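Visitor: I have a model open and want to learn to read it. Can we take the ligand first, then some helices?

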Amino acid sequence: MCGIVGYIGPRQAVGVLLDGLSKLEYRGYDSAGIAVNTGGAIEVRKNAGMLKVLKGELETQALNGTLGIGHTRWATHGKPNDVNAHPHATEDGQIVIIHNGIIENYLALKESLQARGHKFLSETDSEVLAHLIEEAYSGDLEAAVRTTLRQVRGAYGIVVTHAAHREIVAARTVSPLVMGVGVGEMFLASDVPALLPYTREMVFLHDGDLVVLHEGDYFISDLEGNALTREVTHIDWDAEAAEKGGFETFMLKEIYEQPQALTNTLLGRLVDETGEVELELNLDPGSFKRISIIACGTAFYAGLVGEYLIEQLARIPVEVDVASEYRYRQPLVSPDTLAIVISQSGETIDTLEALREAKKYGAKTLGVINAKGSSMTREVDDTLYIHAGPEIGVASTKAYTSMVGAMLMLALWLGRARGTLDAARGTALLKAARELPRLVEESLSEARVAQIKAVAEKYAHSRDYLFLGRGVNSPTAFEGALKLKEISYIHAEAYAAGEMKHGPIALIDETLPVVVVATDSELLEKTISNIQEVRARGGKVIAIVSDGDTDASRHADDVIRVPRTLELVSPIVNAVALQLLAYFTAEALGRDVDKPRNLAKSVTVE
Ligand code: M6R
């Protein structure tokens with residue numbers, strides 16, 4: 001995890017670094033630090049706690065200099081304290097590094113460095129990099145970094161500077177690193193939003209790339225020193241899109257962006273004239289016999305919805321795995337498997353490694369991904385971008401609904417192409433898909449939001465929550481529970497509604513709110529029976545029902561109405577109500593919604 005930035009140019013570095021780090025705090029916020037070359041010497045400031053602590057210190061003790069590096073940390077090795085905060089320096093303070101990732105062989109390296117007399121200050125794996133570079137340095141920083149990186153195993157985005165050189169050397173493997181190309185100035189960051197106020201010309205560095213930056217130029221090479229050419233990508237995101245835009249939190253802003261995000265995911269792909277779905281894929285829809293969907297967290301639940309949709313509409317067997325398990329369970333993969341990885345960031349290490357595992361056995365691969373230029377997009381055979389735009393809030397919202405939207409598009413496309421989805425049903429689903437942005441907009445009307453807020457506040461002090469759903473909305477229940485856990489810290493469990501009687505029913509008493517997704521469905525009657533089972537045991541039922549419902553709502557303590565739509569597209573509409581329920585619960589409890597404890601936006605460690 002962690003966020004890193006670097007700057008070389010005519011501006012005062014501190015402003016650029018702090019500004020960049022503030023956009024990267026979603027990657028980690030245990031501690032923050034910067035190092036600035038103040039003219040022949042490098043000065044480091046670092047503190048445990050959020051960036052604002054560091055900012056406060058810099059207000060009283062300014063740092064002047066136009067070359068610097070900065071870091072915001074999500075702790076892996078060593079507690080989140082001042083000493084373990086980055087940057088890390090060599091004993092003589094001449095070389096300073098920041099690192100995002102994990103050096104897997106750091107213990108062996110540390111022991112041999114200590115045996116050679118190096119003094120370590122921190123408990124981090126990262127500090128070995130500083131000492132290794134120091135040992136390898138004999139006047140050429142680039143060569144020293146190259147020599148060092150040949151010795152380390154693991155994941156790194158690393159940025160290095162030396163007091164005596166007006167240059168920055170950086171490299172990456174696994175951990176993301178993007179370079180911003182300015183006029184007479186150069187930037188580095190873990191993610192694009194940190195650089196948008198300064199430049200829109202970006203180079204996405206690849207695994208194994210090393211780059212040397214000077215004010216007016218840069219040189220990219222591999223670890224052997226062979227020169228490489230990387231494309232400069234013009235980023236057309238609105239800088240405003242990466243900011244909160246008037247909302248109190250990124251999460252709320254992103255919830256409200258869903259109509260737009262869904263428009264981008266769905267509408268450009270629906271061809272009105274023919275009623276077909278057009279996906280920008282090279283994939284031959286008849287070239288595989290089974291599908292394996294691999295993802296983590298919220299993306300995994302989008303995968304479960306995808307499984308349901310693809311099996312229903314395209315009649316292809318699908319299995320869905322959490323990526324961290326997939327790699328180690330010796331999955332049955334062959335060249336007639338299509339492995340689909342789903343990821344907002346495109347950088348989640350578990351998913352990335354699972355993708356590599358599937359490729360090893362010859363699977364065709366498809367990424368359903370949000371972040372352009374991310375690692376996964378470079379390793380899959382084909383990418384179906386979800387086009388949700390930058391998502392900053394740690395709890396995923398618009399990326400989830402867009403992922404489900406993309407899976408719906410994929411299922412429709414496969415169903416039509418493989419002849420398993422007849423034109424009449426296909427057209428009805430396409431029509432419902434086209435309506436989704438409008439229905440989500442409607443879900444976000446003032447009156448509906450106020451009603452969800454009232455329900456959230458009523459139950460905000462509950463100790464536990466149970467979520468139930470059936471069929472294509474059983475993953476909706478899981479996603480609702482995950483959202484609540486992540487941002488309110490209330491313990492929440494989710495079950496397929498029919499499973500409740502096989503165990504979780506024992507949890508029910510008058511203190512337990514049970515959210516039941518009871519929107520229009522062929523199995524609604526069965527869900528209503530489950531609602532009655534909860535009520536009979538004193539549980540409090542919060543029913544999510546379709547507009548116009550008179551059945552399920554009769555048996556509930558509280559009712560949240562959502563716009564009516566076809567069952568197969570309803571997970572998108574229903575998810576929005578559950579996001580709001582989680583949001584207002586967390587708000588009522590005074591939680592830091594955008595930076596929930598212990599979490600980070602992009603999990604690039606195993
Ligand atoms: O970037 P990814 O979609 O690969 O991230 C996967 C999970 O880490 C992510 O969905 C996580 O569960 C979120 N915090 C959910 O809100």
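Visitor: Which atom of the ligand is 3.2 Å from a polar backbone atom of Val394?

Guide: A polar contact is a pair of N or O atoms within 3.5 Å. Here a nitrogen atom of the ligand pairs with a polar backbone atom of Val394, at 3.2 Å. This is a predicted model, where local features need pLDDT of at least 70, side-chain atom pairs count only at pLDDT 80 or more, and totals for chains, interfaces and linings use all residues. Residues are numbered from 1 along each chain as its sequence is written, and side-chain values use heavy atoms, leaving out hydrogens and water.

Visitor: What lies 2.5 Å from an oxygen atom of the ligand?

Guide: A polar side-chain atom of Thr348 does. Gln344 uses a polar backbone atom instead, 2.6 Å from an oxygen atom of the ligand.

Visitor: At what angle do the axes of helix 8 and helix 12 cross?

Guide: Helices are DSSP runs (H or I, at least four residues), numbered from the N terminus. Axes are lines fitted to C-alpha atoms over the stretch in contact (heavy atoms within 4.5 Å). Angles run from 0 to 180 degrees between N-to-C directions. The axes of helix 8 (residues 297-314) and helix 12 (residues 398-417) cross at roughly 20 degrees and come within 9 Å. Angles under 35 degrees count as roughly parallel, so helix 8 and helix 12 are roughly parallel to each other.

Visitor: And how do helix 4 and helix 5 cross?

Guide: Helix 4 (residues 127-136) and helix 5 (residues 141-149) have axes that cross at roughly 125 degrees and come within 8 Å. That makes helix 4 oblique to helix 5 (an angle from 35 to 65 or from 115 to 145 degrees).

Methods
Helices (H or I, at least four residues) and strands (E, at least two) are DSSP runs, numbered from the N terminus. A polar contact is a pair of N or O atoms within 3.5 Å; within protein, one must be able to donate a hydrogen and the other to accept it, and residues adjacent in sequence count only if both atoms are side-chain atoms.
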